[in-house]
Amino acid sequence: MTKRVTRMCTLLFVALISAAPAYANTTLRVIASFSVMEELVKRVAGDAVSVNVIVPVGEDVHRWELTPPNVLALEETHIVFYNGLGLEPWIRHIEAMSDDQLTLVEVAKKADYAPLMISTGQYKGEPDPHMWMDPAGAAAYIDVIAATLAEHLPKQADAFYARAEEARKALTTLSSEVKERLDGIPQTNRTLLTSEASFGYFARAFSFQAQGVWGVNHETQGSAQAMAKMSEQLAAKRPSALFFESTTPSIHMDALARETSIPLAGPLYVDSLSSIDGPAANYSAMLRHNAEVLHTALGGATAE
């Protein structure tokens, strides 16, 4: 047994023996895996549901390790909404400790939304988990969340579905607003090059060519091979700008920017919202902020 697994087992044991009796309160208790999922759940849930999150704002959802407070919260939880498709490698620890009272919902897998395949890295050819980066994908998540909550609280079903319908309409409006802002970027400048290959769905929705230095889950983050390959590509075809993400160290993209004299812009938000006083405090703000960063860095038209 590795040291990491041993530490995890010890953490779970200590937390479990310290936990208060589960389900002392009749309120439906839900946990979302990361901040974007948390907001989507809250849009549907209303006051009938208590919603918390595992991975705090600003932290890397891929590399998170469960903490004692996470485990204690899970002991009193009825539903865990997680993205799935490999986004949260640590979910296996929750699966190992779950029982019949805990429902695990892999939202991306259940969503009625056509997946893209990961374009590079160790997991090339597997489904890309970042479906929420297209508002239509987020709307598909909303449907899964509403159906799940309605199943657990049937008396509240009409309210869940009404809030879900309101959220879908808002997401449609948001998509139109983001598209309008991005339409001013010339076609020749619509290359979106980021650290992680996480903008595929955004690119499909808003007509960009997306590419990452490495794949997903940071499995080859900043490797010499990945950096050298990208350096060669940039020498052959220079985009207008390079971008870094809020939960990824900017050092790798900064090195490429300095080597190639290509401007570096960011942060873009993908795997986490910002703090409440930041530029991406909610899902709509996140997409609008990303659109604004792209518009500015890629030469979008300015109002006269």
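**Group meeting: strands, crossovers and helix packing in a predicted model**

In S6, Gly212 is the bridge partner of Thr194. I start with that pair because it leads into one of the two crossovers I want to show, and the crossover in question is right-handed: the chain leaves S5, passes through H8 and arrives at S6. Before going on, please note that this is a predicted model.

The strands themselves are S5, residues 191–196, and S6, residues 209–214. They pair in the parallel sense, and five bridges connect them.

Now the helix in the middle of that crossover. H8 covers residues 200–206, and Ala203 lies in it. Is Ala203 buried or exposed? Its relative accessibility is 6%, and buried means under 20%, so Ala203 counts as buried. Which residues does Ala203 touch, leaving aside its neighbours within four places in sequence? The contacts are Phe208 and Ala210. On the other side of the sequence, Leu192 is 11 residues away along the chain from Ala203, and their C-alpha atoms are separated by 7.8 Å.

Directly in the loop between H8 and S6 there is Ser207. Its phi is near 65°, which is a positive value in a residue other than glycine. As background, most residues other than glycine have a negative phi, and most peptide bonds are trans. Ser207 has a relative accessible area of 48%, so it is partly exposed.

There is a second serine of this kind. Ser261 is not a glycine either, and its phi is positive at about 60°. Ser261 sits in the loop between helix H10, residues 251–260, and S8. With a relative accessible area of 60%, Ser261 is exposed.

Staying with S8 for a moment: this strand spans residues 264–268 and contains Pro267. The peptide bond between Gly266 and Pro267 is cis, with omega at about 5°. If you are checking backbone geometry, those are the three places I have to show.

Next, the open sheet. What is the order of its four strands? The order is S2-S1-S3-S4, and the pairing is parallel. The edge strands are S2, at 49–53, and S4, at 103–106, each of which pairs on one side only. On average, neighbouring strands of this sheet are turned by 20° against each other, with direction ignored.

Helix H2, residues 35–45, packs on this sheet and touches S1 (28–32), S2 and S3. The direction of H2 makes about 170° with that of S2. Angles over 145 degrees count as roughly antiparallel, so H2 is roughly antiparallel to S2.

Two of the pairings in more detail. S1 and S2 are parallel and share five bridges. Within that pairing, Ala32 has Val53 in S2 as its bridge partner. From S1 the chain goes through H2 to S2, and this β-α-β crossover is right-handed. The other pairing is between S3, residues 79–82, and S4, where four bridges join the two parallel strands. Val80 stands opposite Leu104 in S4.

One residue from another helix. Asn70 is found in H3, which runs over residues 68–75. Its relative accessibility is 8%, so Asn70 counts as buried. Apart from neighbours within four places in sequence, Asn70 is in contact with Ile54, Trp64 and Glu65.

Then helix against helix. Two packed helices are described by the angle between their axes and the distance between the axes. For H7, residues 157–182, and H11, residues 283–297, the axes come within 9 Å and cross at roughly 10°. The two helices are therefore roughly parallel to each other. Which residues make up the contact? On the H7 side they are Leu171, Leu174, Glu177, Val178, Arg181 and Leu182. H11 contributes Tyr283, Ser284, Leu287, Arg288, Ala291, Glu292, Leu294 and His295. By class, the residues of this contact are eight nonpolar, two polar and four charged.

Finally, the chain as a whole. How many helices and strands does the chain have? There are 11 helices and eight strands. Of the 304 residues in the chain, 48% are buried. Among contacts with a separation of 6 or more, 64% come from residues 24 or more positions apart.

That is what I have on this model.

How values were computed:
Residues are numbered from 1 along each chain as its sequence is written. This is a predicted model: local features need pLDDT of at least 70, side-chain atom pairs count only at pLDDT 80 or more; totals for chains, interfaces and linings use all residues. Side-chain values use heavy atoms; hydrogens and water are left out. Axes are lines fitted to C-alpha atoms, for helices over the stretch in contact, and angles run from 0 to 180 degrees between N-to-C directions. Angles under 35 degrees count as roughly parallel, over 145 as roughly antiparallel, 65 to 115 as roughly perpendicular and the rest as oblique. Contact means heavy atoms within 4.5 Å. Ala, Val, Leu, Ile, Met, Phe, Trp, Tyr, Cys and Pro count as nonpolar, Asp, Glu, Lys and Arg as charged, and the others, Gly among them, as polar. Buried means under 20% relative accessible area, exposed over 50%, partly exposed in between (1.4 Å probe, protein chains only). Two strands pair if DSSP finds at least two bridges between them. A crossover is right-handed if, with the strands pointing away from the viewer, the path from the first strand over the helix to the second runs clockwise.
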